[in-house]
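Biologist: I would like to go through a structure with you slowly, one question at a time. Could you put it up so that we can both look at it?

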Amino acid sequence: MSMFLDQVTIDVKAGKGGDGMVAFRREKYVPDGGPAGGDGGRGGDVVLMVEEGLRTLMDFRYNRHFRAHPGENGMSKGMHGRGSEDTFVKVPPGTTVRDADTGALLGDLIENGQTLVVAKGGRGGRGNIRFASPRNPAPEIAENGEPGQERRIELELKVLADVGLVGFPSVGKSTLLSVISAARPKIGAYHFTTLVPNLGMVNTSDNRSFVVADLPGLIEGASQGVGLGTQFLRHIERTRVILHVIDMSGMEGRDPYEDYLAINKELGEHNLRLLERPQIIVANKMDMPNSEENLAQFKEELAKEKTDEFAEDLLIFPISAVTRKGLDNLLNATADLLEKTPEFPLYEEEEVEEEAVHYGFTSDEPEFAIDREPDATWVLSGPKIEKLFQMTNFAHDETVMRFARQLRSLGVDEALRARGAKDGDIVRIGNFEFEFVE
Ligand SMILES: Nc1nc2c(ncn2[C@@H]2O[C@H](COP(=O)(O)OP(=O)(O)OP(=O)(O)O)[C@@H](O)[C@H]2O)c(=O)[nH]1
Ligand SMILES: [Mg+2]
């Protein structure tokens, strides 16, 4: 099995905010001090960060849960709890991030050091100092910290390269990369020698440079999931120029022109219309005895096939990767083509989901739902009301009363009454039960 991983789903959970405290000043000669409970600190975010040196998502193979630390609780004497540090998770350049449940695009991480907050830490709960008012100078009210955001996200790596090498297995893609760059991919006389994309930096004789990705060989049906192909087609999506490598020797008994059509069919069927990228045909293995003849025939068939909309100005470069013939011309032409080819934006039709800065209370999700259990208990649920519940410190009666007021102002009492709730009925939120009072 290949040790390459380019798609993975992970769970992230941000830190809960620290709880606010209920406390009172105790001074030697003051019988009843004022409120002195500090606020809780902010919980840490989970943040993805691009690390240039990474080339795969391998680090996630055995590690798929990431959580940030909670904020510190508020303390007495008005001291606030410390906020927690964020938790950084490193990803390779070229990582696309989606919400795994909704499929929404959260970001596309390209530049070294680029960051993306994928789970927002909860804010700290307020201590009782903050609830003091002239009418209630010594409140026994404090909030618990807000829970940290929790979600499942999907990471997909699409390597960052300017040029992609595509072709059938064993046509010499890796051999070509090895002679035009410092990369040392595995080369072999058997199919599917290459199991992971290899990247190499190429410098042309006139000092231009670009990054080339060598991909595993494609076979017919790759875009439908045959062979190794389809899972690697995504790595061509960011490239601007395709080098279509063809074995002109016919030494494997295949017809070069058939190969050419078959690969283009795969590229055309892939979802991002890879055929629209400019292509250079690399006629490889020209050192072999039959290659010249095959190349002449190939050109003839190309010319006959006038239906091929790209046949007009197709560039064909005969080379031998093994004897290093024809490489300069090929590389210069590739650099020329790159210079005049704009980028193909991957996600221009999709909007990046903007997170509400403070998720939860500001969104327009329904505030609560009411269900009834067989035993006649009324059950309140929904993210907003559950969060309110989690942020209530039930150790203090006054805080519980505040919670009851909050429910009333959300319209819970009214809604329950409308559903037929009677005095004395049991109402439940989470594991907390109370009696409905008319
Ligand atoms: N004669 C000759 N043989 C070549 C040339 N280029 C590559 N080969 C040979 O073709 C075989 C396959 O080469 P690779 O570079 O591994 O081919 P690939 O396209 O990367 O193959 P996969 O990774 O399996 O898709 C090896 O035995 C190479 O030595 C060439 O220009 N001339
Ligand atoms: Mg290879």
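Biologist: Which residue has a backbone N or O atom that lies 3.1 Å from an oxygen atom of ligand 1?
Modeller: Please keep in mind that this is a predicted model, and that the distances come from its atoms. A polar contact requires a pair of N or O atoms within 3.5 Å. The pair at 3.1 Å, which joins an oxygen atom of ligand 1 to a backbone N or O atom, belongs to Gly188.

Biologist: How much of the accessible area that ligand 1 has on its own does the protein cover?
Modeller: Taken on its own, ligand 1 has 650 Å² of accessible area. Of this area, the share that the protein covers is 89%.

Biologist: Which residue places a polar side-chain atom 2.9 Å from an oxygen atom of ligand 1?
Modeller: Ser170 should be set aside here, since its atom at 2.8 Å from an oxygen atom of ligand 1 is a backbone N or O atom. The polar side-chain atom that lies 2.9 Å from an oxygen atom of ligand 1 is part of Ser174.

Biologist: Which helix gives the most residues to the shell around ligand 1?
Modeller: The shell holds 23 residues, with Ser170, Thr175, Phe192, Thr194 and Asp287 as the closest. By class, these residues divide into 9 nonpolar, 11 polar and 3 charged. The helix that gives the most, with 3 residues, spans residues 173–180 and is helix 1.

Biologist: How is helix 1 oriented relative to helix 5?
Modeller: Two packed helices are described by the angle between their axes and the distance between the axes. For helix 1 and helix 5, which covers residues 327–339, the axes are 12 Å apart and the angle is about 90°. Angles from 65 to 115 degrees count as roughly perpendicular, so the relation of helix 1 to helix 5 is roughly perpendicular.

Biologist: Which residues of helix 5 make the contact with helix 1?
Modeller: By class, this contact has 6 nonpolar residues, with no polar and no charged ones. Helix 1 brings Leu176, Val179 and Ile180, while helix 5 brings Leu327, Leu330 and Leu331.

Biologist: Why are helix 3 and helix 4 called oblique to each other?
Modeller: Helix 3 (residues 256–269) and helix 4 (residues 291–304) have axes that come within 9 Å and cross at roughly 50°. Angles under 35 degrees count as roughly parallel and those from 65 to 115 as roughly perpendicular. An angle of roughly 50° fits neither range, and therefore helix 3 and helix 4 are oblique.

Terms used
Residues are numbered from 1 along each chain as its sequence is written. Chains are lettered from A and ligands numbered from 1 in the order in which they are written. This is a predicted model: local features need pLDDT of at least 70, side-chain atom pairs count only at pLDDT 80 or more; totals for chains, interfaces and linings use all residues. Side-chain values use heavy atoms; hydrogens and water are left out. A residue is near a molecule or strand if one of its heavy atoms lies within 4 Å of it. A polar contact is a pair of N or O atoms within 3.5 Å; within protein, one must be able to donate a hydrogen and the other to accept it, and residues adjacent in sequence count only if both atoms are side-chain atoms. Accessible areas come from the Shrake-Rupley method with a 1.4 Å probe; for residues, only the protein chains shown count as cover. Helices (H or I, at least four residues) and strands (E, at least two) are DSSP runs, numbered from the N terminus. Ala, Val, Leu, Ile, Met, Phe, Trp, Tyr, Cys and Pro count as nonpolar, Asp, Glu, Lys and Arg as charged, and the others, Gly among them, as polar. Axes are lines fitted to C-alpha atoms, for helices over the stretch in contact, and angles run from 0 to 180 degrees between N-to-C directions. Angles under 35 degrees count as roughly parallel, over 145 as roughly antiparallel, 65 to 115 as roughly perpendicular and the rest as oblique. Contact means heavy atoms within 4.5 Å.
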